Each structure stands twice: as structure tokens, then as C-alpha cells.
Number of protein chains: 2
Amino acid sequence: MATVEELKLRVRELENELIKCRQKQSFVDDAHKHTQNRPRIDRMSAEVVDSNPYSRLMALKRMGIVDDYEKIRTFTVAVVGVGGVGSVTAEMLTRCGIGKLILFDYDKVELANMNRLFFQPHQAGLSKVEAAEHTLRNINPDVWFETHNYNITTLDNFNHFMDRISHGGLEEGKPVDLILSCVDNFEARMAINTACNELGQIWMESGVSENAVSGHIQLIIPGETACFACAPPLVVAANIDEKTLKREGVCAASLPTTMGVVAGLLVQNVLKYLLKFGSVSYYLGYNAMQDFFPSMSMKPNPQCNDRHCRKQQDEYKKKEAERPKVEVVEEEEEVVHEENDWGIELVSEVTDTELQTASGPMPDLPEGITVAYTIPAQVQESGEMLEDTEQSLEELMAQMRKL
Amino acid sequence: MATVEELKLRVRELENELIKCRQKQSFVDDAHKHTQNRPRIDRMSAEVVDSNPYSRLMALKRMGIVDDYEKIRTFTVAVVGVGGVGSVTAEMLTRCGIGKLILFDYDKVELANMNRLFFQPHQAGLSKVEAAEHTLRNINPDVWFETHNYNITTLDNFNHFMDRISHGGLEEGKPVDLILSCVDNFEARMAINTACNELGQIWMESGVSENAVSGHIQLIIPGETACFACAPPLVVAANIDEKTLKREGVCAASLPTTMGVVAGLLVQNVLKYLLKFGSVSYYLGYNAMQDFFPSMSMKPNPQCNDRHCRKQQDEYKKKEAERPKVEVVEEEEEVVHEENDWGIELVSEVTDTELQTASGPMPDLPEGITVAYTIPAQVQESGEMLEDTEQSLEELMAQMRKL
């Protein structure tokens, strides 16, 4: 057994080791503090000086584009997927001075990611959310960050994800203002869709095809526009062999250009939506081969497999019916995608009949637009499977809540 | 005095503290170790492993998009202007594995630039080309970099600029393959135009409006398409008070979104042009307010003020006339901007008559498209001034060459 003297010696040894470790630590922290930038800024200023990181953004007010740019600091945006599109999306929002960012991803940075913007080779091996938070905090210390290094599609994580998007706003307890889906697979999109339909949370979808030369963004307002389960997301795939779009077990191609354009169009749509300027796009495609940008809007599918989507549709209809007649004109302006003066955008309202066929794997769509994500094989075999999966997740979640 | 139990508790506490401190330490050391770059890679590989930075680019071959992706390593691109568009352009090309990049800029990084992608606060005060080279070399050590920290519009520098674009290729002595104009003023664009007309050098123009919500890219082939002096560059400015576009002495607005989209469209056009896939755009506009993307192509102006442009036009016509008739069809395909299947792009061939009016400050353009850069006041007052300025620069250069 150890004597008092031996123990005292061990305490002294440990104390010395700890002091040494902490000294080294404080030295590193100090060095870090020096590379570390400007202090937090309390109020955005429009002053035109080289040292003001917000002068060029506040100039949007003087230019007559945005009425109240400072309002950006009051918003919380959740970005799900911090890969080729999500990382650039998060960086753009950070540089624009968004109030709070919540990042979700479970992946690690790899050298194979270096053909897209944002991550750097020295970050290989780090988790994407950890690496992203470090870079973003350094770029703009005024933004609040919250990161979650997990896969949102597993039951426990989905539950936590639901909790954070409904309570993780700038003011803890309030919901986030917008969710951006920057994921690369069907399951994760479906999980976001399920959560947003249940919560009535507005979100935006984004995606890039596996051949790297087309992409899209889409605004989804539960009950008002088609959700991800109403109709599969669409992508421009003109003049491209469709078989090249999805191949099992083959490394997908990607380009920093396509992903940068999609992130730019997505965050532009976010800014227009949050700061109320220009026309917010419901669906905007990008075909890099032809520099072709189709746009459209889609009504929800009354036979949607997601019961929360159907519930949101009923609530939206009820709300619309309750509106006094004078406001109906205004409402129509909101719902219908604004055509530009030259009428050259492809704005196609999909009819209910068309949407009924959309529950199958390949809906009847305007020429030149095809489905980007095919529903995974086991789900495709039986039309019911999709609902079953979604329902059982909800049931399990309801059970969890009772505990 | 401390009892044995108390001492044991303290030992356990200290051990835990030390473990925590050392974990933090090893994480920092590890991160530091990673700041060392990867070694140069001799040959691009298509191998699908996490450690291969080119796997997702080489996959473009398997996807049937690009025939020979490796060819990218043989090209040299000069980027003039390393600001909001130029820095992202350089980063995209670096991540794509371009052979050599030559960067020109005379500006310093400021905190006021932090609302756009690429530069970081700790780089404030450094020259843009120096900061960019450091970041880019770290991202991809396989790219060769050459930087010039000067303003290309002064006589000496213009001379050196001409020399580098005609001899600074990957194989020293050979010309560069493409010049990208990412500058923010009329004079610098005019200097690039003058140099490219004299050398018969193909280049691409880019620009973002001062209200931050529109931009464009343009491919200029001396003698074959309109040059910068044939017709002022065009920009989408629909539904925006034109007076907001240019105001003297007012800080211009800028957004990371618009600049990211313009850089993405520009580099996509570069990749399509260099690696021969898809349709290369002659002129592509971006109006962020409406998500409207007009495209067109423009023939050169036979009365262009730049005599080298007129000379290139003569040479092009002679070359075309000499071509055997069987090739004429192919030639037409090259010149005419490819319409997409749905005929929704605005492809307007500007007639010679229209272009004659374009020498004035405001040409007769399709609705919704207006001029992005007005010719500076002193030049605008007299139509002859433009030619005089350009001519005297040429004369001075001729004198320089004689020395």
C-alpha cells in the first residue's frame, strides 16, 4: 500500500506535469490568438473603410437592393451536409454575417474532397463539422456556431436533429429560420423532409448530379409547395445519357464549378427569402453542358405518402379559405412563380393529375427535365414501403417521447 | 494534514486533468503535423481511394463527360484581377489541377474583402497575389504558379504583361492558353482587350454589377467575336434603376453568392473550352433578382476603334474564305451559339447595323440587357478619345520595342 509520503510525491509530480502541459497549451492558445483575427463587432456599420468587413454588404441598402441588411444577424440557418455544396453554402452565409449556423455532418475530410472548394489538405482526417467550424469562426467571429457530428438518419440522431431544428434558434428554444439540405443521398433528404413536414418548417433542397454537370435548388414550404415525397426532386439532364446519372458502386464525378454555382444560387435564394428582395425561386435547375437554367414551381400532391404533408396541405387550404377576399390577389402573387418580363423562363405549373403519376419512379415531366434521385430499389419494388418506413419512424419517435 | 484517502482522490483528479490536457495537446500537435502538404503527384490517377485528390475529376471520363481529363495539366491560364471573382476562379482552377496559373493584381487584402469567398482575415495587409499563391500552393502543390504584383495599365507593366502572356506558358517561351479578365474597372479591361487583339489571344471577360445582383461572362476570340472595344460588355439589369449601377465615389456593394456564381460559370466555360465538352457560351448573363440567365453571341464590329481588332477580322475572313467548302458546315456550328432543344434561351445575333450604334455610349440592345460599364466621362465626351488613348498606348509600345 502507498504511504502518505509516496502519495504526496506523486501529487507533486502530477502537478508539475500538469503545469508543463498547460504552459505548452497556453503557448499554443496564445499563438492561435495571434493568428486570430478581429474582435466581435456589436453592430453592423455601413462606414466605407478598409477595416469594415460589412461595408460592401451594407452598401446593398444604399443601392436600393435590401431594405434592412442588419436583419441578417437575427436569423438561424441549419445546413445539413457539409460537403461540396454545404461547406461553400456555410462559408457564404458566414461571410454575409448570418446570426447562427447549425451544421450537421458525420463525414471526415479526405484528400479526395480537394477537387471542391473550402476544405484544405491539412484538414484531412478531421470531422467535416469540426474543420468547418474552425475555418468559419476564423473568417467571421460574429457568427454563432453549433455543430453535430452525426448521421441524421439513425433514430436517436433524427430525434436530436428534430429537437435542435425546433429549439436551436439564436434565442434558445425558438426554431431555426431555415434548413438547407446539402446532402448527397436519398435517405438523408427523406429524413429532412419528414422532419420539416411534421414541424411545418420551411427548407431548401439542393443537389448535384453524379456526372457533375447539372444541379438544382428547390424551396419547400410544407402544405404550400410539393414536398420531397410528393414528387422526386428534378434535375436538368438534357442530352446526357441517363444511365450515366446513377451507377451503383462507381465513384461519382464532381467539379468545384458546378458545386460553387449551386451553392451560390442556393445562398442567393436564402438571402432573397430572408431579407425580402427579388423573386425567390421555387425550383431552379442548372445544366452546365448547355448553360441552361430551367425554373418552375410545383403544387403539393394531395395523395402524398407523408401524412404530415397531407395535414400541412389541409391546414394551408383552411388558412387560405379563412383569408379575407381582398387578400386573395396578394396570396396568388405569393404562390405563383413570378415570370420575368421576357417570358423566357420555363415556368410550368404541374397539374394534380401529373402529380398523381409522380408517385411512381418516373413522373411525366417537361422535356429536358428528369428525376435526379431514383428511389432506392427495395422501396421502389412496393409503393407502400415508403410510407411504412416513414410511419414506423414516426411511431418509434412517438414512443421515445412517451418515455 | 491530508489523509491517504484525500491524497488518493487528489492523485486521481490530477491524472484526469493531465489526460485531458494531453489529449487537447496531441490534437493540436496532430493538426499542426497535418499543415505539411502532400507531395507532388506525377500522374493523375483515377483510382477510387480517399487519398487521391483527383479521383472525382478523373471520374468525368468514366461518366462520359470528358475524353481526356489529364490534358488539363498541359494548360496555362492567366487570371487578371484576384478579387471577388478572380480569387475563386484561381481556386477552382487550382483544385481542378490546371498546369500553370499566372496571377496579376496590385491590390492588398483588406477586412472589407471578407464578405467575398477565399481571403481570410489573417491575410489582411498582404498583397492579394502573395496571399493567393500561399493558399493555392497549399491546396494543390501540383500547379505551377507565377504572380505579378502590379497594375497592368501602366506602360511598363503593360509591356511586361504582354511579354508574360505571350511567353509565360508551361513551356517557357510559349503563349498562355487563355486569359481571364476578373478586373473591376474599364481601363484594365481595355488593356487586356488591346493586348489580346494585338496577339490574337483568346480570352474571357467577367464582371459583376456595382449593386451586386447581376453579372456576366463573355468569350472573346479576336477577329471572330466582338471584342471589348467593338461593343461595351453587357449585363442583365432588368427591373433595376440604372442609376444604381454606377455612382461615382460610392462604395460598391458585393455579395459572395453573385461572385461565386460568376466565378463558377466562368471556370465551367474554361473547362468546357479547354477540355472540349458541352457548349462553350459566348455571352452568359446572370440576373440574381429574377434568376434569369440570358445568352447570346456577337459578331465583331467592322468599324471597331481598335485597329488590331480590324486586322484580326480581316485575317479571320481570309482564313474562312480559304477553307474548303465541305468544312463550312462545321465552321458554322462553331460560330453559332448552340440553341438548346427547348428554344428557351435568348440567343440574339446582333446585326452589323446594331453594332455600329454600339460604338456610342448606349447601344440598341434586346430588352432587359443593358451596358455594364459606361465609358469613363472624359472618353465619353468625345468619341475619338477612345481611339486616341488606345493608339497612343500602341505607339508608345512600338517605341519601347525599338529601344
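This tour visits one strand of chain A and then the interface between chains A and B.

The model is predicted: local features need pLDDT of at least 70, side-chain atom pairs count only at pLDDT 80 or more, and totals for chains, interfaces and linings use all residues. Residues are numbered from 1 along each chain as its sequence is written, chains are lettered from A in the order in which they are written, and side-chain values use heavy atoms, without hydrogens and water.

Select first strand β8 of chain A, residues 283-287; strands (E, at least two residues) and helices (H or I, at least four) are DSSP runs numbered from the N terminus. Because 5 of its 5 residues are buried, β8(A) is largely enclosed by the rest of the structure; buried means under 20% relative accessible area (1.4 Å probe, protein chains only). Tyr283(A), Gly285(A) and Asn287(A) lie on one side, with Leu284(A) and Tyr286(A) on the other.

Next, add strand β6(A), residues 214-220, which pairs antiparallel with β8(A) over 5 bridges; pairing requires at least two DSSP bridges. Here Gly215(A) stands opposite Tyr286(A). Then show β9(A), residues 295-298, joined to β8(A) by 2 bridges, also antiparallel; Leu284(A) faces Ser295(A) there.

Now display chain B. In contact (heavy atoms within 4.5 Å) are 101 residues of chain B and 102 residues of chain A. Finally, select Lys272(A) and Asp291(B), which form a salt bridge with the closest N and O atoms 3.4 Å apart; the term denotes a side-chain nitrogen of Lys or Arg within 4 Å of a carboxyl oxygen of Asp or Glu. The count between the two chains is 4 salt bridges.

Conventions: Buried means under 20% relative accessible area, exposed over 50%, partly exposed in between (1.4 Å probe, protein chains only).
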